[in-house]
Amino acid sequence: MEIKGDLVPAIVQDARTGEVLMLAYMNREALAKTLETGKAHYWSRSRGKLWLKGESSGHFQRVVEARIDCDLDAILLKVDQLGGACHTGYRSCFYRDLEGKIVGERVFDPEEVYR
């Protein structure tokens, strides 16, 4: 299946629990590399390059299932997450409620991981 557009949002969900872990972006190359390797690859808008999730932290995402939405312009990845998905140390990037209160679980210290 071909995605529409050069860059599409990728919603990343824990395959076992259904927890939403993060939102990233994929281009055709990132999707192809993900399907080829079974590990999640994304397009970094800030760095302007392809990146393998976990390449710096070791917190890889093994893809269990990939889906595309009805308009072919968004991807859903169901993954087995090794460690935390968020670079701030939390299991999910969605670790705060709307008032800013931390409600998620911190699973690693980013100072230790990203020296």
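Let me begin with the term I will lean on most: a salt bridge here is a side-chain nitrogen of Lys or Arg within 4 Å of a carboxyl oxygen of Asp or Glu. What you have in front of you is a predicted model, and by this rule the count in that model comes to six salt bridges.

I would like to start with the pair formed by arginine 91 and aspartate 14, whose side chains meet in a salt bridge at 2.2 Å, nitrogen to oxygen. Arginine 91 sits in the loop between strand 6, residues 75–81, and helix 2, residues 110–113, while aspartate 14 belongs to strand 1, residues 8–14, so this contact ties together parts that are 77 residues apart in sequence. Are these two partners buried or exposed? Arginine 91 has a relative accessibility of 16% and counts as buried, and aspartate 14, at 4%, counts as buried too.

Now to a second pair, arginine 62 with aspartate 80, where the closest N and O atoms of the salt bridge are 2.3 Å apart. This one also links distant parts of the chain, since arginine 62 is in strand 5, residues 61–68, and aspartate 80 is in strand 6, with their positions 18 residues apart in sequence. Here arginine 62 is partly exposed, with a relative accessible area of 46%, and aspartate 80 is likewise partly exposed, at 31%.

The third pair I want to show is arginine 67 with glutamate 65, a salt bridge in which the closest N and O atoms lie 2.6 Å apart. Arginine 67 is partly exposed, having a relative accessible area of 44%, and glutamate 65 is partly exposed as well, with 30%. Beyond the individual pairs, salt bridges that share partners join Asp14, Glu19 and Arg91 into one network, which brings us back to the arginine 91 and aspartate 14 contact I opened with.

Let me turn, finally, to the cysteines. How many disulfides does the structure hold? The number is zero. Cysteine 93 is in no disulfide, and the nearest cysteine sulfur, which is that of cysteine 86, is 3.8 Å away; because a disulfide requires the two sulfur atoms to be within 2.5 Å, that pair does not qualify. As for the surroundings, cysteine 93 is partly exposed, with a relative accessible area of 33%, whereas cysteine 70 is exposed, with a relative accessible area of 73%.

Terms used. Residues are numbered from 1 along each chain as its sequence is written. This is a predicted model: local features need pLDDT of at least 70, side-chain atom pairs count only at pLDDT 80 or more; totals for chains, interfaces and linings use all residues. Side-chain values use heavy atoms; hydrogens and water are left out. Buried means under 20% relative accessible area, exposed over 50%, partly exposed in between (1.4 Å probe, protein chains only). Helices (H or I, at least four residues) and strands (E, at least two) are DSSP runs, numbered from the N terminus.
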